[in-house]
Protein chains: 2
Amino acid sequence: MRTIPAVKVSFKAQALQAREDAIMHAVNHLLADKGFDCMTVDEVAAQVGIAKASVYKHFPSKEDLAAAAMAQILRRAQAYMEALPVNLPALEKLRSVVRWAIERKLSGEMPSLPGQNCRLRAALVANPGYMNGLLAVSEQLGQWIAIAQAQGSLNPQLPATAVLFTLYARACDPVLEFLKAGGNYSDAEIMDLVLSTCFDGLNARAEPAPCSAPAPGSSPSPSPG
Amino acid sequence: MRTIPAVKVSFKAQALQAREDAIMHAVNHLLADKGFDCMTVDEVAAQVGIAKASVYKHFPSKEDLAAAAMAQILRRAQAYMEALPVNLPALEKLRSVVRWAIERKLSGEMPSLPGQNCRLRAALVANPGYMNGLLAVSEQLGQWIAIAQAQGSLNPQLPATAVLFTLYARACDPVLEFLKAGGNYSDAEIMDLVLSTCFDGLNARAEPAPCSAPAPGSSPSPSPG
DNA sequence: GTCTATAATCAGATAGAC
DNA sequence: GTCTATCTGATTATAGAC
């Protein structure tokens, strides 16, 4: 006599999934707030409201926690990129992705890992979700970079990989924290500043009126009040 | 009867100073290599070839080691900036400083600290050498930024603080590690790429003859590679 | 001041009851 | 699967001989 109907198993699975989501949520914010090294598994457990041993039932190590968080943010990035309008110019797609990443960072949802050393790198490359997500995002970005360069909207003299790395680096740019800590600018203003320095650079743009035709795509977005 | 002539004291002081220099050298490279959290005082002592307790005779804590390293690099930056030709245009002075910082980073002499949390912040602001150096460098950079913006060589629409923070951020840009890890570019090429993306941005520069140029970014040619 | 040896602490990971 | 309680190892920091 079967005493465990399928619906009960489903409930159980749902509870499991819900708890894992809660863990991921806590990890995301702790990684964004304190970074990997300063985040402790005790804090994760306390924030979720479970015991530390329970965390280790879901994730085999602290590194896997971080890897899962990165895989999740990459999946979200992938979904965002796929949802962009098809007819949007490639450069605008790239700007949108950077804007999306900055928004995530400003709202404390962007986990930042120490790119430097440790077992973290090993755990990351061993995590299929992370590697697949990174590959998919990089390939999509690479296509848009190539298109934007072919169209002349992105500097064709820059190697595509350098552009790609620069975009990734801007997703964890400490300038955001500096400006936010200064407290003199709203999130929207910070967004404009970072986007401007990323795509337009620090130099003054060439004057738009050497002749009668204004150059498209180079109009500096005016700072909001 | 005085048995300790002054010259002996001087020798002793020299030996002390030499040992402290050796400690700072090791700390600089370890901070550049592994970062603050992953650097251990045991490693510092081992690399210098002394006992760990001896390190603590020179510096009261691990945080003070990092603060001293930062104070040192700021003093070096200050010296470099003061040695720049007076008649160099302000924008070129700024570019030179960024170039100098990138060189230091590429050669593993630039300590990188986790900007995030911990007692490190407290130790830094409590260190007069660090605070004075940071203030002096920031003031000098701020002057050059203002001049460059007044001259129209630096984008005047950007707040000076945003430019300043961006310059600091580029001094610890992870793009350097990415490009170096890729192994496809020499240090000189990496330098050019980073300087270009910092000051010129990712966008294509305005064409020198924009009057008859076709509008970029408007022809969607989705041809993936 | 430098050393060896050790204290004190903290965080990652696990054992075993339920 | 979750909990309490514990182990294990690493790391900062210090005590005391020389």
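Select chains A and B of this predicted model and show where they touch. The contact draws on 55 residues of chain A and 56 residues of chain B. Together the two chains bury about 4800 Å², and 60% of that area lies on carbon and sulfur atoms. On the chain A side, pick out Gln151(A), Leu202(A) and Asn203(A): these residues lose the most area to chain B, together 15% of what that side buries.

Next, look for the charged pairs. Two salt bridges are found across the interface of chain A and chain B. For a salt bridge to show on screen, select Arg170(A) and Asp173(B), whose closest N and O atoms are 3.0 Å apart. Polar contacts between chain A and chain B come to 18 residue pairs, counting pairs with both residues at pLDDT 80 or more.

Now colour chain A by helix. Helix 1 (6-38), helix 7 (128-151), helix 8 (160-170), helix 9 (175-182) and helix 10 (187-199) of chain A each give at least two residues to the side that touches chain B. Helix 8 of chain A provides the largest share, nine residues. Sorted by class, this side of chain A holds 32 nonpolar, 16 polar and seven charged residues.

Step back and superpose the copies. A turn of 180° with a shift of 0.0 Å along the axis lays chain A on chain B with an RMSD of 0.1 Å. The two copies are thus related as by a two-fold rotation axis. To find the place in chain A that comes closest to this axis, select Gly201(A), with its C-alpha at 1.8 Å. The same surface serves both copies, since 89% of the contact residues of chain A recur in chain B.

Then move to DNA strand C. It is surrounded by 16 residues, of which Tyr56(A), Lys62(A), Ala51(B), Ser54(B) and Lys57(B) are the closest. Among the strand C atoms within 4 Å of the protein, 59% belong to sugar or phosphate and the rest to bases.

Zoom in on individual side chains here. A polar side-chain atom of Tyr56(A) is 2.8 Å from a phosphate oxygen of DNA strand C, and one of Ser54(B) is 2.7 Å from a phosphate oxygen of the strand. For a base, select Lys52(A), which has a polar side-chain atom 3.0 Å from a base nitrogen of DNA strand C.

Last, show the helices at this surface. Helix 3 (52-58) of chain A, and helix 1 (6-34) and helix 3 (52-58) of chain B, each supply at least two residues near DNA strand C. The largest share, four residues, comes from helix 3 of chain B. By class, the residues near DNA strand C are eight nonpolar, four polar and four charged.

Note on methods. Residues numbered from 1 in each chain as written. Chains lettered and ligands numbered in written order. Predicted model: local features only at pLDDT ≥ 70, side-chain atom pairs only at ≥ 80, totals over all residues. Heavy atoms only, no water. Contact = heavy atoms within 4.5 Å. Buried area = accessible area lost by both parts, 1.4 Å probe. Salt bridge = Lys/Arg side-chain N within 4 Å of Asp/Glu carboxyl O. Polar contact = N/O pair within 3.5 Å; in protein donor to acceptor, adjacent residues only side chain to side chain. Nonpolar A, V, L, I, M, F, W, Y, C, P; charged D, E, K, R; others polar. Least-squares fit on C-alpha atoms with pLDDT ≥ 70 in both. Near = heavy atom within 4 Å.
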